[in-house]
Amino acid sequence: MGAEITIKTPGKLMVAGEFAVLEPYHQLIVTAVDRFLYTNIRDSEVYEVNIKNYKLFHQRFHFDGENVRFEKEGKAIRFVKGSLTTTLKYLREKGIEITPFTLTIQSELDDTKTGQKYGLGSSAAVVTSVVTAVLTKFLDEQPSKKIIFKLAAIAHTKTQGSGSGADIAASTYGGVLKYASFQAEWLLEKLETVKSISQFVESEWPYLTIQRLQFPSSLQFCVGWTGKPASTKSLVGEIKKLKKDDHIHYEKFLENSKRAVQLIVTGMEKNDIETFYLGIEENRKALSEIGKIANVEIETKKLNILSKEAKLLGGVGKLSGAGGGDCGIAFVPNHDAVVQLHNRWLEKGIKPLNISIYLKGSERI
């Protein structure tokens with residue numbers, strides 16, 4: 001119990017199925033990546049949090065059995081607060097004694113020099129990491145991935161009010177996942193009525209599925225940053241608006257996304273590169289089209305170039321996440337193609353990122 005513990009949590013990149021995953025049973029493919037957030041937890045005289053990236057130190061808090069309250073509240077600390085509230089309530093319900101501790105959080109998910117955000121899921125990694133750290137400290141046995149994921153999903157959804165939870169799944173489990181969301185609206189409604197967090201996380205969540213996959217073995221995974229951060233929340237809002245204003249086009253998009261993801265999964269399960277490529281290209285087109293219909297730039301000019309350059313080298317590419325900027329991903333057949341693709345991206349103002357798939361989830365180091 002007294003040992004100092006450090007938790008290492010990976011970031012994520014969405015691969016396919018963006019936006020559609022917000023609907024029941026629609027699947028998304030997401031991968032954990034080797035950029036990390038670190039959370040250290042140790043015994044202390046008082047309850048406090050340090051967030052190095054925000055230069056926030058000695059932020060004291062109190063837990064009254066129901067809620068965590070910080071002496072100084074603020075936007076930078078809200079996901080930490082939500083994570084602590086949910087996890088400490090869970091431990092209290094389990095009859096586990098909680099003693100004062102200090103949490104110190106440091107992220108390497110964004111550019112270390114400029115602080116530019118790459119869209120690698122920083123808030124989800126924070127929540128997952130804090131939940132893992134607190135459970136690891138106070139439980140007698142190693143916490144299960146299922147409990148970590150569900151507590152983190154509750155904390156993140158309550159704090160943000162929305163989201164699919166795919167980024168939390170990637171940070172929790174690691175590797176490449178086929179994922180169907182628990183549905184944020186369902187979760188928030190259930191939380192209004194459940195009496196016990198511990199019983200709720202141990203129950204079945206009807207919409208949720210998480211399954212491991214792997215990319216076709218010979219392909220090389222590449223990531224390019226367009227230099228422009230994106231606002232996921234505003235883009236999701238515009239697409240959701242289309243659901244009301246133009247239901248026919250919205251339903252067509254869902255069908256196109258579903259078909260594309262099924263092709264990608266088939267390509268992965270059978271190690272069939274041609275089918276995998278077809279699915280990625282179909283999903284790229286579906287996202288580009290729905291953006292045009294909704295009059296929002298999901299596939300920006302640079303994201304389009306990123307994909308085209310991959311195709312010219314015998315590969316395939318698309319945006320990752322909500323689009324509108326941030327990162328794009330590509331798959332190419334060999335290392336020579338990687339070198340050529342990176343050079344072509346640089347010529348077009350796209351920054352290749354040294355990022356790989358990370359097979360482990362949030363864990364003690």
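Modeller: Let's start with a rule, as we will lean on it at once: two strands count as paired if DSSP finds at least two bridges between them. Please keep in mind that this is a predicted model.

Colleague: Thanks! Which strands form the open sheet, and in what order?

Modeller: There are 4 strands, and the order is β10-β11-β9-β12, with antiparallel pairing.

Colleague: What makes β10 and β12 the edge strands?

Modeller: Each of them pairs on one side only; β10 covers 316-319 and β12 covers 351-353. From one strand to the next, the twist averages 30°.

Colleague: How do you know that β10 pairs with β11?

Modeller: The rule asks for at least two bridges, and 4 bridges join β10 to β11 (residues 327-332). The two are therefore a pair by that rule, and they run antiparallel. Within this pairing, Val316 stands opposite Phe331 in β11.

Colleague: Which helices lie against this sheet?

Modeller: Helix α9 (residues 273-294) lies across β10 and β11, at about 30° to β10. Helix α11 (residues 335-347) packs on the sheet too, touching β9 (220-225), β11 and β12, and its direction makes about 10° with that of β9.

Colleague: Now to the charged pairs. Why is the contact between Lys318 and Glu18 called a salt bridge?

Modeller: The cut-off is 4 Å between a side-chain nitrogen of Lys or Arg and a carboxyl oxygen of Asp or Glu. For Lys318 and Glu18 the closest N and O atoms are 2.9 Å apart, so the pair qualifies. Lys318 belongs to strand β10, while Glu18 sits in the loop between β1 (5-16) and β2 (27-43), 300 residues apart. Both Lys318 and Glu18 are buried. By the same rule the whole count comes to 16 salt bridges.

Colleague: And what makes Glu282 and Arg259 a salt bridge?

Modeller: Their N to O distance is 3.7 Å, and the limit is 4 Å, so this pair is counted as well. Glu282 is in helix α9 and Arg259 is in helix α8 (residues 247-269), 23 residues apart.

Colleague: Are those two residues buried, partly exposed or exposed, and why?

Modeller: Buried means under 20% relative accessible area, and exposed means over 50%. Glu282 has 24%, so it falls in between and counts as partly exposed. Arg259, with 42%, is partly exposed for the same reason.

Colleague: How do you know that Arg284 and Glu299 are buried?

Modeller: Arg284 has a relative accessible area of 14% and Glu299 has 15%. Both values are under 20%, so both residues are called buried. Their side chains meet in a salt bridge at 2.7 Å, N to O. Since Arg284 lies in helix α9 and Glu299 in the loop between α9 and α10 (301-312), the pair ties together parts that are 15 residues apart in sequence.

Colleague: Which residues share a network of salt bridges with these two?

Modeller: Glu281 and Lys311: together with Arg284 and Glu299 they are linked in a network.

Colleague: Let's move on to empty space. What makes a cavity a cavity, and how many does the search find?

Modeller: A cavity is a place where a 1.4 Å probe fits but cannot get out. The search of the whole structure finds 1 cavity of 30 Å³ or more. About 30 Å³ of space lies in the largest cavity, and its lining consists of Phe19, Leu22, Glu23, Val236, Ile239, Lys240 and Tyr250. Helix α7 (residues 232-245) supplies the largest share of that lining, with 3 residues.

Colleague: How big is the second largest pocket, and what lines it?

Modeller: Its volume is about 360 Å³. It has 22 lining residues, and the closest to its centre are Phe215, Leu219, Phe221, Ser356 and Ile357. β8 (209-213), β9 and α11 each supply at least two residues of the lining, and β9 gives the most, with 4 residues.

Colleague: One last residue: why is Met268 called buried?

Modeller: Met268, in helix α8, has a relative accessible area of 6%, and this is under 20%, so it is buried. It touches, among others, Ile29, Val176, Leu213 and Phe276. The C-alpha atoms of Met268 and Leu213 are separated by 7.0 Å, although the two residues are 55 residues apart along the chain.

Conventions
Residues are numbered from 1 along each chain as its sequence is written. This is a predicted model: local features need pLDDT of at least 70, side-chain atom pairs count only at pLDDT 80 or more; totals for chains, interfaces and linings use all residues. Side-chain values use heavy atoms; hydrogens and water are left out. Axes are lines fitted to C-alpha atoms, for helices over the stretch in contact, and angles run from 0 to 180 degrees between N-to-C directions. Contact means heavy atoms within 4.5 Å. Buried means under 20% relative accessible area, exposed over 50%, partly exposed in between (1.4 Å probe, protein chains only). On a 1 Å grid over the protein atoms alone, a cavity is a set of points where a 1.4 Å probe fits but cannot get out, and a pocket is an open set with protein on both sides within 12 Å along at least five of seven lines; lining residues have an atom within 4 Å of a point. Grid points are joined across faces, edges and corners, and a volume is the space filled by probe spheres set on the points. Lists of a residue's contacts leave out its neighbours within four places in sequence.
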